[in-house]
Amino acid sequence: MTNPSNDTPSNDAVGDDTPISLIDLLLLAFGLFLMYMAYGSYAESNFLGAASDFLLGLAGVMMGVRNPIQHSLQRPLPMLNTIAVVSALAGIVLFGATFFQ
């Protein structure tokens, strides 16, 4: 996508005017809730479930804070996306493993 004032490429993820959206707040809240649930699983000695909940919660928190951080820094952060995706995939694999324990 090009900027009409000059023909330099623009980044839509950084160039929006809203620093935080409702989706970001929901992702952040759901991630924190899953981290809280991970503590409950840990207290019940379900370590695999606790790890799964924590990693999925971490992915939710990372995706929830990604846009506000990118907006404040005015540049994309691909490493934050990578950490969130790896955390989500590991959480999904561990969640599947809880059915076989």
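**Helices, loops and a nonpolar patch**

Student: Is Ser45 buried or exposed in this predicted model?
Tutor: Ser45 has a relative accessible area of 51%. Exposed means over 50%, so Ser45 counts as exposed.

Student: Good start! Where does Ser45 lie, and what is its phi?
Tutor: You will find Ser45 in the loop between H2 and H3. Ser45 is not a glycine, yet its phi is positive, at about 65°.

Student: Which residue follows H3, and what is its phi?
Tutor: Look in the loop between H3 and helix H4 (78-97), where Gln74 lies. Gln74 is not a glycine either. The residue after H3 is Gln74, with a positive phi near 60°.

Student: How far apart are the end C-alpha atoms of helix H3?
Tutor: Helix H3 covers residues 47-73, which is 27 residues. At 1.5 Å a residue, H3 should span 39 Å. The model agrees with that, because the end C-alpha atoms are 37 Å apart.

Student: Where does H3 bend?
Tutor: Happily, there is a proline to help you find the place: Pro68 follows the bend within four residues. The bend is about 35°, and it is at Arg66.

Student: Which helix holds Ile23, and is Ile23 buried or exposed?
Tutor: Ile23 is found in helix H2. It also helps make a nonpolar surface patch of about 560 Å², together with Ile20, Leu22, Leu25, Leu26 and Leu27. At 54% relative accessibility, Ile23 in H2 is exposed.

Student: Where in the protein chain is confidence lowest?
Tutor: The mean pLDDT of the chain is 84, and helix H2 has the highest confidence, at 93. Where pLDDT is low, the predicted coordinates should not be read in detail. Confidence is lowest, at a mean of 53, in helix H1 (residues 12-15).

How values were computed: Residues numbered from 1 in each chain as written. Predicted model: local features only at pLDDT ≥ 70, side-chain atom pairs only at ≥ 80, totals over all residues. Heavy atoms only, no water. pLDDT = per-residue confidence, 0-100. Helix = DSSP H or I, 4+ residues; strand = E, 2+ residues; numbered from the N terminus. Expected span 1.5 Å × (residues − 1). Bend = angle between axes of the 7 residues up to and from the residue. Patch = residues over 30% accessible without salt bridge, like charges linked within 9 Å, V, L, I, M, F, W, Y side chains within 5 Å. Areas by Shrake-Rupley, 256 points an atom, 1.4 Å probe, with all protein chains shown as cover. Salt bridge = Lys/Arg side-chain N within 4 Å of Asp/Glu carboxyl O. Buried < 20%, exposed > 50% of the residue type's maximum accessible area, 1.4 Å probe, protein only.
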